[in-house]
Structures are given as structure tokens and as C-alpha cells.
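Student: I would like to work through this structure with you, starting from one helix and moving outwards to the whole chain. Could we take it step by step?

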Amino acid sequence: MTKPVILFACIHNGGRSLAAKVLSEYYGGDAVEIRSAGSEPGDSLNPAVVEVLHERGLSSEGERPRLLTVEGVRNAD
């Protein structure tokens, strides 16, 4: 059985979708593959979101805003 692929999409991909991705990876573990992307990705992550994640012991290390593509949407469940 393959893992479901969950895609969180928003405009800038530096705040809410980032938080959703990191939280889903934490709670979903190896049972799911999580991706996030934005239609107009920003230049950086939202510092307030990064701070909230870090306060909860979750890392935003390696995360960056990514462009939402048609292929990315098609490859998600």
C-alpha cells in the first residue's frame, strides 16, 4: 500500500501551509507524505509561524516557500 500524499496549498507558502505541513509530518509520521506549495511563493518563512513551531519543539529547518504546480496538484491525493 502506498502512502497518501497530502498537499497544503496557499498563496505565499510561508505561514499557514508551512505550519500545516510541519504539524502533519509530526502527527502523521511515516504514514503519510506531506507537501506544501503556494501560487505566489514568498521569499521567506513567516517568522511568527517559525517561532510558534519552535515553541512546540517542531523544526522549520530545510523548509522554504515552494511554487504550486499543476503536476504537484495531480500527484497529491
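**Helix α1 and its surroundings**

Tutor: In this predicted model, the buried residues of α1 are Ser17, Leu18, Ala19, Ala20, Lys21 and Val22.

Student: Which elements do the buried residues of α1 pack against?

Tutor: The buried stretch includes Leu18 and Val22, and the partners are found by asking which elements those buried residues contact. The buried residues of α1 pack against two strands and a helix, namely β1 (5–10), β2 (33–38) and α2 (47–55).

Student: How far apart are the end C-alpha atoms of helix α1, and what span should its 13 residues give?

Tutor: Helix α1 covers residues 16–28, and at 1.5 Å a residue its 13 residues should span 18 Å. The end C-alpha atoms agree with that expectation, being 17 Å apart.

Student: What follows α1, and what is the sign of its phi?

Tutor: The residue that follows α1 has a phi near 55°. This residue is glycine 29, and the sign of its phi is positive.

Student: Is asparagine 13 buried or exposed?

Tutor: Asparagine 13 is found in the loop between β1 and α1, and it touches Ser36, Ala37, Gly38, Leu45, Arg64, Pro65 and Arg66, leaving aside residues up to four places away in sequence. Because its relative accessibility is 1%, and buried means under 20%, asparagine 13 counts as buried.

Student: Which residue offers its backbone nitrogen to the side chain of asparagine 13, and at what distance?

Tutor: The side chain of asparagine 13 also makes a polar contact with the side chain of serine 17, at 2.8 Å. The backbone nitrogen in question lies 2.7 Å from a polar atom of the asparagine 13 side chain, and it belongs to arginine 66.

Student: How are the rings of tyrosine 26 and tyrosine 27 arranged?

Tutor: The structure holds one aromatic pair. The ring centres of tyrosine 26 and tyrosine 27 are 4.8 Å apart and their planes stand at 85°, so the pair is edge-to-face. Both tyrosine 26 and tyrosine 27 are exposed, and the arrangement asked for is edge-to-face.

Student: What radius of gyration does the protein have, and what does the globule rule give for 77 residues?

Tutor: The protein has three helices and two strands, which follow the pattern β-α-β-α-α along the sequence. The globule rule gives 11 Å for 77 residues, and the protein comes close to this, so it is as compact as a globular protein of that length, with a radius of gyration of 12 Å.

Key:
Residues are numbered from 1 along each chain as its sequence is written. This is a predicted model: local features need pLDDT of at least 70, side-chain atom pairs count only at pLDDT 80 or more; totals for chains, interfaces and linings use all residues. Side-chain values use heavy atoms; hydrogens and water are left out. Rings of Phe, Tyr and Trp (its six-membered ring) pair if their centres lie within 6.5 Å; planes under 30 degrees apart count as stacked, over 60 as edge-to-face and the rest as tilted. Buried means under 20% relative accessible area, exposed over 50%, partly exposed in between (1.4 Å probe, protein chains only). Helices (H or I, at least four residues) and strands (E, at least two) are DSSP runs, numbered from the N terminus. The expected span of a helix is 1.5 Å times one less than its number of residues. Contact means heavy atoms within 4.5 Å. A polar contact is a pair of N or O atoms within 3.5 Å; within protein, one must be able to donate a hydrogen and the other to accept it, and residues adjacent in sequence count only if both atoms are side-chain atoms. The radius of gyration is taken over C-alpha atoms; the globule rule is 2.2 Å times the number of residues to the power 0.38.
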